[in-house]
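Thanks for sharing this one. I have put my reading into a few numbered points, so you can go through them with the structure open.

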Amino acid sequence: MDRALTLNGVEVRFDVEPRTLLVDLIREEFGRTGTKVGCETGECGACTVLLGGKAVKSCMVLAAQADGASVTTIEGLGEPGELTAVQDAFWEEHAVQDGFTTPGLVMSVTDLLSRNPDPTEAEIRSWLDGNLERVTGYHNVVAAVESAARKLKQGDSWKIEPEVVAGDMVGASVRPREAPEMLRGETDYIADVTLPGMVHAAILRSPHGHATINGIDTSAAAAMPGVIGVFTAADLGFVMPLPVIWVPTDVESHWPPHPSGMVPGGQSLLATDRVRFVGDQVAVVVAETVQQANDALQAIRVDYEVLPAVVDAEEALKRSAPQLHETVPNNLCMSAPLGDKAAADAAIAAAEVVVEETIRNQRIMANTVEARGAIGSYDATTGDYTLWTNVQPVNPIRLLIALYVLGVPYNKLRVIAPAIGSSLGAKGYLFADGPLMLWLAKAVGRPVKWLDTRSSYPRSTPHGRDHVAHATLAGSRDGKISALSVRGFNNLGAYPVINAPGSPRTLIGQSVTGAYDIANPYYEANLVFTNTSPTGPVRGSGRAEAIYLIERMIDRYAGEIGMDPAEVRRINMVKPDQFPYDNHLGWMYDSGDYPGALDKALEMVGYDDLDARRADSRARGKRLGVGIGSYVAAAGVGPSAIMGSKGLVSGTWGSAYIGIEPSGEVSVTTGAQPHGQSQVTTFSQIVAQELGVPLEAITIKHSDTNGALYYSQASYGSRSLSVEGVAVYNACQLIKEKARQHAAHLFHCPVDAVEYGPAKVFARFAPDQAVMTLQQIAFTLWLGWDLAEGMTPGLEAKGFFDPPEFNYPYGTHVAIVEVDEQTGHVELVRYVAVNDFGTVVNPKVVDAQSHGNIALGVGQALYEAVRYDETGALLTDSYSTYPIVRASELPSFELLRTVTPTPNNPLGAKGAGDVSNPPVAPAVVNAVCDALSDLGITSLDMPLQPHTIWRAMSSASAGGAAGSGGSASAGSGGSASAGSGGSASAGSGGSTSAGSGGSASAGAAAAAEPAGAAS
Amino acid sequence: MIPAKFDYAAPASLAETVSQLANGADAHVLAGGQGLVPALTTREATAGLLVDLRNVPDLADILPQDSGVRIGAMVTLDEVAASTQINGSETALTDCLAAFGDPQVRNRATIGGALAHTHHGVDLPAVAVALDASISVFGADAGRTVAASELFGGLVTALGPAEVITSVSVPVPASGAGSAYEKVRNPGSSYAICGVAASIVLTPEGTIDSARVVVAGATAAAVRIPKVEAALAGQPATQETLAAAAGHLPDEGLTFPSDLAAPADYRAHLAEVLIIRALARATDRARKVSS
């Protein structure tokens, strides 16, 4: 039926199926792709448009319902190429990171300010509850709304050119260069990429946690309208499963096989005879439209024989547990020790005080608002494959796909990442869907696109954390820790992810001593397969598990000896005169003042003066609690040889190309892969600082394997600036050196007499006469008419950086919470963070990342958990069932940054992207435990849902106060984990030996009995 | 995620709407669509025919009445909240609207749709019952007006398959009356984990003349708690009496749902806490009106 609406002021007509959503009409029919799709079910707000002038989520409106209405999308705001006051405020306040959720936020805020020109912070945060944000922590968004409100009151006078930075570019909070196009909705993400002749794939996934496949009938699906082909494992021929490339070589390990014989195997592109988790890929439909592909998916008949499943790592180690892989006895991938166990045991035996606890870091997922997608194309004439996909490591996966999956020449595969709507680590892998699209593209002779959905996300994309640790901490009565011994269990899920199995011992194990000088640490990493989604790093990865563990144990120990937890930290922290400090587990801490950061954070919250606040809270029926999270987090992967010694088969050096064009502009290609970190801005700042050229003259290229670089290692684990940024810096030095050499030749003087000044070279003896601009040098080098002997033409350079060591950002965070005595609801009322990331290039960029880290950590502490039932059925596949923190649930964060440069790179920069996440969850949990401490509650398992706390409070008051040893189990809605150990162990009043707490640890240890695990 | 196929109609009259609903296979009313459209997208709900009310005249007005105010079914929650006829004083309704969904949802969700949406976490029915609102319904034969408590008391909304809510009338509070709504939201879905709407009428002497206490988030959309209401009548409106009355909640033998957000026993506990809080705020408001 013919309908019409007014789109951005222009009447447009449309005739679509009644089931077409308004968002799909806007994007697919009218090509306005600035409106994004995050969840399709009205939960995330990324698709917000104005309908009749009011913000609505365009996935919750049928296209037909908009008949006759006026619709404004992000493309309809303001004048073309310009920004509105709201957009400008977002830019100014650094409220844009990856930009995916930005158009929806801008539309929503535009409505708010049109009706309420002067909103309070509470009103802004409440309004923003309609827009989920995974990276900004909302902090700068709130600031942007306040700024926009001010601008709107000024008429047009806010429209001034952004101020030009005078002086040092490194250290200046210049506005992100990549933001304006994001704010206008012009940035293309994978969903926005369309190729000529493209067709669409939909993937059938296992609904069972564990089952054998007796047969698959695709005939009905193949006969459906628009279907080009339906494919199963039988069609794939010689395609291999995904490889694993991080395998510690000094311990025995067991894996699914890989036919190459060179590496262990992971998930198959399509399951052959068995599915091992809800989400395993079983079949794929290729059809002319997305609708047709999805409709045909429903017609595939799979004959499953359901098998018993196991979802818990320690359960999976029992002899009676279902076995996932024939080549992996007892589901144990490996048991890898680290440190001196005998020394740790001896120190524990000799200690005055021993604290035991089971620390559970629940399974979470990145659940980025942008899901994943991939487009494969194949050129039959040249034999060239191209993969467009929103993953971080474009070059690494190019190698892995070519070598280990498809078996095609490396130089016949190109991988391109379009803009990425944040990753939180979960877009950092090789996924089964990418090579599958390449194979399909060749099979059907057309480009094939697959886009994930929100409900499929937890089935298609690895989860994170799911770490259980039985920890023993020993020390003296006066607060000195002598040993920490930990038996950790990582739930790997059904298959190993490319790099995940190397991570637990290195990133968790090596990090468990945190910021403390502990003489006798020991860690045992047990990696276990279960019938759940594969797991891997999520923002803060490894270090987050370690810091959660040690920071909880510090508070438990402080409780046992009756000492202020801040004082325990102060006593045990590595002191400024101890650097470089060997933590006995493999890290070599570089620099810092850990106690100084602690004291600054405590001062900011008025730590010694909280009694009045506690009393005030009690008068309102609340319990106030304060919690500390101190951290050191290894960053800057990495020294290639060190990573190699840990079993990673990959160089991890950084690389950068810089060319000075004959016309004087600067073209940079970086090995970093931006997905919200603003490297286009910060790397431009490094170049501008070093070469003295304006930002506008610099372009930064990335995310395409057909670039100027031989290889690029991407961005992850807080390595961009301190590795790839340093490579840029090094390339700048090479450019300057070549410019000086060429100038010396032209000036007929020694090179030593030539200096590099801002965008010029000059001879020191005649700075105003013997001088050439950088452009003139580049031009004459390009001409090549007069070059010194051995001089190559052109002004270009490749810079590399393989750091001698990691770098170690650190800090202390403090959370203040109020717990409702009746409902158990936790409100975060203050959050203070003192961080030291060494030298910082763009302070606002770095602060914005800290905001994101804090919000993610608060979300993990209070809300997030991926849950399975005992059959392996997935219970959390939407934002409704997997809540992420909203704006109204957070206060404004209070940040302080100190600067202690690392000696390990010439910039002095330490990692910043994910390192400030690890202290957050422990700070919040410590705060809640503090609030409940007089009830005898010493431990609670995340997420701290209100009913968890209510149950703990009820049990504690029912069982009496300290000394009861009563355990309040945090039952989680009938999930498998309920009752399996951990939870609120009521304090046992000065226990001095193992087991006297009568709490979780004893039960959990008994439950483990790992068959065949090294002990 | 894409909805399964369905037909769509947007008739221009109530009679035609009802006729289409009666004759269409698996026909459903479509108002704002904020509950229905996502359910169709995930294919949790299916429909043969959607009958959209957007072209039906006279459903989008807020009109004063002798005894209160009548709100047309297609008035959005945002418009209700912005109406000076509604927001002149704080009531259970204004509390509920402020905490309903999020701004985008309130901009699009209609009051008729929010009353007809049979999800245990939708709390507007409880507020309608607490405020003794009446609901106008149009069906095959003609219109009828029923008390909210009649429509929402049962396990499912007592609305015929070919009936449409056309308006809701909210009475003017009596002198000395106050109401409030307390909600604990599901942090994921924003629906109520549990909600309690309470209205209270104080005598000039300050004792409780009558009260209504309605729980949302239990098995039915809106469950009155007569044992608590009875325990309040004639008592002084003190924190102690409110708490004592709330203590009668378990006597009703209500069953609460259990899900990832909250187990049943916690919801039952929460209901008791929220009853006290809602009654206390309703009492404060009643005193303000009388003073």
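The points below go through the cores, the cysteines, the chain contact, two helices and two sets of strands.

1. A word on the source before anything else: this is a predicted model. Please read every value here as computed from that model.

2. I would start with the interior. The largest nonpolar core has 229 residues, and A:Phe90, A:Leu440 and A:Tyr831 are the residues with the most contacts inside it. Helix H16 of chain A, residues 543–561, gives the most to this core, with 10 residues. If you want one place to look, try A:Leu440: leaving out residues up to four places away in sequence, it touches A:Ala201, A:Phe231, A:Val284, A:Val286, A:Gly445 and A:Val448.

3. There is also a second, separate core, with 55 residues. Among its members are A:Cys59 from one chain and B:Ala73, B:Leu93 and B:Leu97 from the other.

4. That brings me to the cysteines. How many disulfides does the structure hold over all chains? The count is 0. For A:Cys59, the closest cysteine sulfur is that of A:Cys47, at 3.8 Å; a disulfide needs the sulfur atoms within 2.5 Å, so this pair is too far apart for a bond. A:Cys59 is also buried, with 2% relative accessibility. A:Cys333 is buried as well, its relative accessible area being 0%.

5. Next, the contact between the chains. Chain A brings 58 residues to it and chain B brings 47. Together the two chains bury about 4,300 Å², with 55% of that area on carbon and sulfur atoms. On the chain B side, B:Met1, B:Gln104 and B:Leu260 supply 19% of the area buried against chain A, more than any other three residues.

6. Helix H12 of chain A (residues 394–405) deserves a look. Of its 12 residues, 10 are buried, and the helix is mostly covered. The buried set includes A:Asn395 and A:Arg398, alongside residues such as A:Ile397, A:Leu400 and A:Ile401. These buried residues pack against strand E15 (384–389), strand E16 (413–416) and helix H13 (433–444), also in chain A. Just after H12(A), A:Gly407 has a positive phi of about 65 degrees.

7. Helix H25 of chain A (residues 920–931) is another one to inspect. From its first C-alpha to its last it reaches 17 Å, close to the 16 Å expected for its 12 residues at 1.5 Å a residue. Is this helix largely enclosed or exposed? Because 11 of its 12 residues are buried, H25(A) is largely enclosed by the rest of the structure. A:Pro922, A:Asn926 and A:Cys929 are among the buried ones.

8. In chain A, 3 strands make an open, antiparallel sheet in the order E9-E7-E11. E9 (274–275) and E11 (301–306) are the edge strands, each pairing on one side only. Strand E7 (residues 211–217) is joined to E9(A) by 2 bridges, and A:Ala211 stands opposite A:Val275.

9. Finally, the strands of chain B. E6 (residues 134–138) runs antiparallel to E7 (residues 143–147), with 5 bridges between them and a hairpin of 4 residues joining the two. Here B:Ser136 has B:Thr145 as its bridge partner. E6(B) also runs antiparallel to E8 (residues 164–171), again through 5 bridges, and B:Ser134 is partnered there by B:Ser169.

Technical notes. Residues numbered from 1 in each chain as written. Chains lettered and ligands numbered in written order. Predicted model: local features only at pLDDT ≥ 70, side-chain atom pairs only at ≥ 80, totals over all residues. Heavy atoms only, no water. Core = buried A, V, L, I, M, F, W, Y, C linked by side-chain atoms within 4.5 Å. Buried < 20%, exposed > 50% of the residue type's maximum accessible area, 1.4 Å probe, protein only. Contact = heavy atoms within 4.5 Å. Pairing = 2+ DSSP bridges. Expected span 1.5 Å × (residues − 1). Buried area = accessible area lost by both parts, 1.4 Å probe.
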